[in-house]
Amino acid sequence: MFEIFYSSSKLLKTFTGHKSWVNSIDYSTLDGNQFICSGSGDNTIRIWDVDTGQQIRSLNGHSCSVLCAKFSPYHYYNNRRSVICSSSHDSTICFWDIKENQQLPVFNEHNDSVCDIVFSSFNYGRYMCSGSEDNTIRLWDVETSKSLHVFNGHESGVLCVDISPLQSNNNGKNDNCVGMIGGNGYTICSGSLDYTIRIWDIETTKQSIVFEGHEDYVMSVRYGSNELRNIGSANTILSGSVDKSVCLWDIRSGQQIQVFNKHTVCVNAVEYSPFIVNNIEIGDNSNVICSGSEDNTIRFWDIRLNKIELYVINGSNECDGIRCLKFLQLKKNRKSNNDSFICLCYGSNKGLIQICG
């Protein structure tokens, strides 16, 4: 329950080392240990040990700001390789083997900054999507290092992308090991400098929906989880914009269904939280969403009510604005696999990474 989180929430850890804004953070457990990776305006990707709070590696290779950094689920699933993928203003997508401290083949078919990358929820992350300021979205096969398709339609740069969540087949088992990328109803979502959010069908490679309503750049988009279908977030997309708003969109109707207005400047990041709240007005539980902004606040909202926020985390003066968010399920003890808790990790304009929970 959300009430438990905010009643006991406090700053747990601060990671220092980046010399510029932190654009992206990701989390993974590798061989039983907990790690965070981060991409920054200082052109580096850094890996941090969550338990000790120490930086264990800094990866240098991009010639410009690193805009996104993520652990590759495909490499780890197939051969237990700890690999990080990163994208940059230098228009490249790089892969890095952490243990070997080795750079793998570079994807360099975009013609401008690669602003965001995301791995597929199916095929154990074999497919990757990238959004670029060259106005395109590309779909890649990580195994073959090939670009499978280029999605064209945005009238300006693509700042953020997401791939629809893992689906279930008729037997009630997940479809992660599906052999083909098409034919399963998976879609890509993209947000752009042209103020629109667009949905693309992966099987047909066609644009299926255009959401219009934001009045400025769309900075962040997220699909709702199928696991939360009973409390209001399935078949929805969450977005944050330079217009200061957080919006919720219904994929089935193609309509905007909620607007959350409380931030005073640009909303850089949005996330569906793992929390629920007892919604008295509807007599049921509801999911909680979260947004981070240049106004140096992280705000939590009831997904079904566009009223005042549920809770606000104020970043420290040293943060000077929130750029990215990630919910983590951390182990309380390095040796325990069962005893865990939910916390929130965020990156700031001043290069700090903090965890609260």
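The exercises below work through strand pairing, burial and cysteines in a predicted model.

Residues are numbered from 1 along each chain as its sequence is written, and side-chain values use heavy atoms, with hydrogens and water left out. Because the model is predicted, local features need pLDDT of at least 70 and side-chain atom pairs count only at pLDDT 80 or more, while totals for chains, interfaces and linings use all residues.

**Exercise 1. Describe how strand E3 pairs with E2 and with E4, and how far E3 is covered.**

Step 1. Strands (E, at least two residues) and helices (H or I, at least four) are DSSP runs, numbered from the N terminus. E3 spans residues 33-40.

Step 2. Two strands pair if DSSP finds at least two bridges between them. Strand E2 (residues 22-30) and E3 are antiparallel, with 8 bridges; Ser24 lies opposite Gly39 in E3. On to strand E4 (residues 44-49): E3 pairs with E4 over 5 bridges, again in the antiparallel sense, and Ile36 is opposite Trp48 in E4.

Step 3. Look at the turns. The hairpin of E2 and E3 has 2 residues between the strands, and Asp31 in the turn has a positive phi of about 55°. The hairpin of E3 and E4 has 3 residues between the strands, with Asn43 at a positive phi near 75°.

Step 4. Check burial: buried is under 20% relative accessible area, exposed over 50%, partly exposed in between (1.4 Å probe, protein chains only). In E3, 7 of 8 residues are buried, so the strand is mostly covered.

**Exercise 2. Give the strand order of the sheet that contains E7, and identify its edges.**

Step 1. The open sheet has 4 strands in the order E6-E7-E8-E9, with antiparallel pairing.

Step 2. The edges are strand E6 (66-71) and strand E9 (102-103); each has a single partner strand, so one side of each lacks a neighbour in the sheet.

Step 3. Inside the sheet, strand E7 (residues 83-88) pairs with strand E8 (residues 93-97) over 5 bridges. Ser87 stands opposite Ile93 in E8.

**Exercise 3. Place Cys85 and decide whether Cys85 and Cys115 are bonded or unbonded through sulfur.**

Step 1. Cys85 belongs to strand E7 and is buried, at 0% relative accessibility.

Step 2. List contacts (heavy atoms within 4.5 Å). Beyond neighbours within four places in sequence, Cys85 is in contact with residues including Cys68, Ile93, Cys94, Phe119 and Met128. The C-alpha atoms of Cys85 and Phe119 are 9.8 Å apart, and the two residues are 34 residues apart along the chain.

Step 3. Apply the disulfide cut-off, a pair of cysteine sulfur atoms within 2.5 Å. The whole structure has 0 disulfides. For Cys85, the nearest cysteine sulfur is that of Cys68, 7.6 Å away. Cys115 is buried at 10%; its closest cysteine sulfur, in Cys160, is 8.8 Å away, which is too far for a bond. Both are unbonded.

**Exercise 4. Is Asn349 buried or exposed, and what does its side chain meet?**

Step 1. Asn349 sits in the loop between strand E27 (340-348) and strand E28 (353-356).

Step 2. Its relative accessibility is 16%, so Asn349 counts as buried.

Step 3. A polar contact is a pair of N or O atoms within 3.5 Å; within protein, one must be able to donate a hydrogen and the other to accept it, and residues adjacent in sequence count only if both atoms are side-chain atoms. The side chain of Asn349 makes one with the side chain of Arg323, at 2.9 Å.

Step 4. Not counting residues up to four places away in sequence, Asn349 also touches others, among them Ser20, Trp21 and Glu294.
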